[in-house]
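Dear colleague,

I am handing over the structure below, and I would be glad if you could look through it with the notes that follow it.

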Amino acid sequence: MRRVPLMPNSPNFSETVRLERERRGYPRLGSPMIARSSLRGSYIWMAAPALAFAVAMIGFPFAYAIWLALSEVILGSPPRFIGLGNFQRLATDPEFWNGLKLTLTLYALSITAQMILGTWLGLLVARSRYAKGLVRVILVSPFMLPPVVIGMMAIVILDPSFGIANWLLAKIGLGPSLWLSDPSTVILTIAGLDTWQWTPFVALIVMGGYLSLPSDVFEAVEIDGATPWQRFWYVTLPMLGPTLVTAAVLRSVDILRFFDVIYLTTQGGPGISSTTLNILAYRRGFEFFDFGYASAIMVTLTAVVFGSVMVFARLRRAVAW
Amino acid sequence: MVRERVARLFDGVQLVVVLIVLALPIAWTFLSAFKPRTEVAVLPPKLFFTPTLENFVELFARNDFLHHTINSLIVSTGSTVLGLALGIPASFAIAWHRLSWPATATLFARMAPGTLFLLPWLLMFNEIGLVGSHLVLILTHAAITLPIAIWVLLPYCDALPRELVECAQIDGARADQVLRLVVLPVIMSGVVVSAILSFVFSWNYFLFALVLSGIETKTAIVASFNFIGEGVTNWGALMAAAVIIALPPLILTLVIQRRLVGGLAAGAVKG
């Protein structure tokens with residue numbers, strides 16, 4: 001056979017390639033063989049160690065927790081399956097309903113404050129041109145601090161008698177507040193702490209979303225003579241929809257399972273006035289060693305968290321543009 | 001023109017107020033840590049004082065805080081390394097084979113409340129006698145760092161040009177060589193971001209060590225909680241402890257502040 005020089009632009013290029021491959025015994029191009037040839041080597045086994053770890057440390061414990069929730073556990077004897085008994089106990093336990101109410105109150109307060117303030121702050125930061133590095137450092141710091149540090153700061157700053165917060169309040173003529181020590185203000189104070197810590201996080205996400213929006217839309221709106229308020233309400237906000245939902249999902253999950261700062265500052269008190277579901281589950285499990293009942297609370301809380309994520313996933317599709 | 005200037009001035013004022021509200025409590029904590037013990041709780045607060053290290057001296061002398069800090073370092077480093085060692089090959093495999101369910105599974109692991117796993121872990125590790133060891137803390141904290149690693153690395157691995165790997169395959173590279181010599185250098189910046197985030201999250205995490213650590217393996221975070229709980233009203237030492245445990249995350253996040261939020265929100269943004 002006459003060798004034809006293999007030039008991509010020659011008229012019989014593809015024919016030549018086909019003949020040459022046939023001669024060398026390669027599989028026909030486009031045949032399923034090519035997908036299985038060595039060029040597409042499988043690397044799926046590289047995920048095996050991570051999968052094994054996830055099964056042992058997350059999958060199995062998760063199943064175990066559900067089984068515990070369906071069992072009666074008395075220390076020293078093996079767990080006994082009792083079906084939905086623990087959940088029936090939940091339904092009649094005022095502390096559970098109190099915990100659910102507190103969890104949802106804390107959630108409503110915190111998410112509302114953080115989304116509104118975060119959007120406002122995010123757009124403010126996106127507009128500003130000065131000292132960008134310093135601004136970002138200050139915005140990042142609160143939410144990278146360990147929750148323990150937030151708790152320690154709260155204890156010292158919000159101390160009813162020696163804290164600087166009440167001293168400042170007195171300076172501007174407001175009465176002292178008991179903050180974390182008063183059942184009527186403790187949830188509000190915790191929501192405030194979380195809002196202080198995490199509003200900058202929402203703001204940075206909003207800023208990122210805003211800066212990636214197409215600028216021609218805003219120019220068009222400018223030419224049409226929209227007021228700043230109209231521009232925000234009818235253009236910026238709808239276009240930021242997906243970004244806001246993303247931020248809301250991340251915050252929802254964290255607020256619903258909020259544990260550290262509450263446990264660090266009040267341990268659920270005074271009384272049970274800050275015993276959210278997560279705190280209640282912890283106390284029942286690790287202070288009263290009521291493992292089955294504690295697991296039932298945790299499974300319920302997990303269902304609430306996943307339920308909220310599902311709602312936001314729906315919402316996210318609704319606001320997509 | 002005038003209107004625009006007024007608007008910008010108003011923006012500036014708002015921003016300055018917010019930044020003060022955010023920075024002041026942190027600055028207050030750092031200041032208090034260096035105040036003489038008698039002046040920490042004095043009102044009106046003293047803004048000018050002779051800085052002293054006596055709070056730190058007391059903290060380290062009385063509480064064996066150094067030991068707890070070293071525990072924290074061991075646990076955070078160990079879980080970061082473990083998370084990356086499992087997460088880098090897994091992210092590459094997931095991206096290469098364009099699997100979508102692992103991302104969902106990772107999301108699940110990231111979103112479930114920590115208390116849910118704590119009871120089963122306690123029973124499991126109690127059975128094999130690991131409770132109170134460094135290993136149990138490293139393993140449980142890796143349950144946080146692995147999802148972070150995969151979550152941060154997936155977008156980097158997705159962006160990896162397939163041709164790059166295919167070229168290496170033609171040259172006859174083994175799988176480990178592909179990973180080490182081709183993939184790793186390309187996704188290195190993602191590895192740095194995920195390493196720092198993993199370390200910080202592991203360092204900050206309170207709940208697992210609260211239950212699973214022993215007297216000898218208590219992390220600095222748990223030690224300072226006990227410090228609060230003991231009813232110590234020694235605010236100076238308390239603030240010194242706050243400064244010590246706040247420093248590593250603050251310093252590390254300053255290194256990657258630009259890519260930090262992208263890393264935290266990664267994946268979720270992709271939908």
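Please bear in mind throughout that this is a predicted model.

I begin with Phe289(A), which is exposed because 12 other C-beta atoms lie within 10 Å, and a residue counts as exposed at 12 or fewer. Phe289(A) sits in the loop that runs between α13 (277–286) and α14 (291–319) of chain A, and its phi is positive, near 55°, although the residue is something other than glycine.

A second non-glycine residue with a positive phi is Trp179(A), where the value is about 50°. Trp179(A) belongs to the loop between α8 (164–171) and α9 (186–211) of chain A. Is Trp179(A) buried or exposed? With 23 other C-beta atoms within 10 Å, Trp179(A) is buried, because the cut-off for that class is 20 or more.

The loop between α8 and α9 of chain A also holds Pro176(A), which has 13 C-beta neighbours inside 10 Å and therefore counts as partly exposed. If its neighbours within four places in sequence are left aside, Pro176(A) is in contact with Pro160(A), Asn166(A), Leu169(A) and Ala170(A). As for Gly122(A), which is 54 residues away from Pro176(A) along the chain, the C-alpha atoms of the two are separated by 32 Å.

On the other side of that loop, α9(A) packs with helix α11 (residues 228–256) of chain A at an angle of about 155°, and their axes are 9 Å apart. The two helices are therefore roughly antiparallel, since angles over 145 degrees fall in that class, and their crossing is right-handed. On the α9(A) side the contact is made by Asp194(A), Trp198(A), Val202(A), Ile205(A), Val206(A), Gly209(A) and Tyr210(A), which meet Leu240(A), Thr243(A), Thr246(A), Ala247(A), Arg251(A) and Ile255(A) in α11(A). Sorted by character, the residues of this contact comprise eight that are nonpolar, three that are polar and two that are charged.

Finally, there is helix α10 (residues 215–223) of chain A, which is hardly covered, in that the count of buried residues among its nine residues is zero. Just after α10(A) comes Gly225(A), whose phi is positive at about 75°.

With best regards

Terms used:
Residues are numbered from 1 along each chain as its sequence is written. Chains are lettered from A and ligands numbered from 1 in the order in which they are written. This is a predicted model: local features need pLDDT of at least 70, side-chain atom pairs count only at pLDDT 80 or more; totals for chains, interfaces and linings use all residues. Helices (H or I, at least four residues) and strands (E, at least two) are DSSP runs, numbered from the N terminus. Axes are lines fitted to C-alpha atoms, for helices over the stretch in contact, and angles run from 0 to 180 degrees between N-to-C directions. Angles under 35 degrees count as roughly parallel, over 145 as roughly antiparallel, 65 to 115 as roughly perpendicular and the rest as oblique. A crossing is left-handed if the near helix is turned anticlockwise from the far one by less than a right angle, and right-handed if clockwise. Two residues are in contact if their C-beta atoms, placed from the backbone, lie within 7 Å. Ala, Val, Leu, Ile, Met, Phe, Trp, Tyr, Cys and Pro count as nonpolar, Asp, Glu, Lys and Arg as charged, and the others, Gly among them, as polar.
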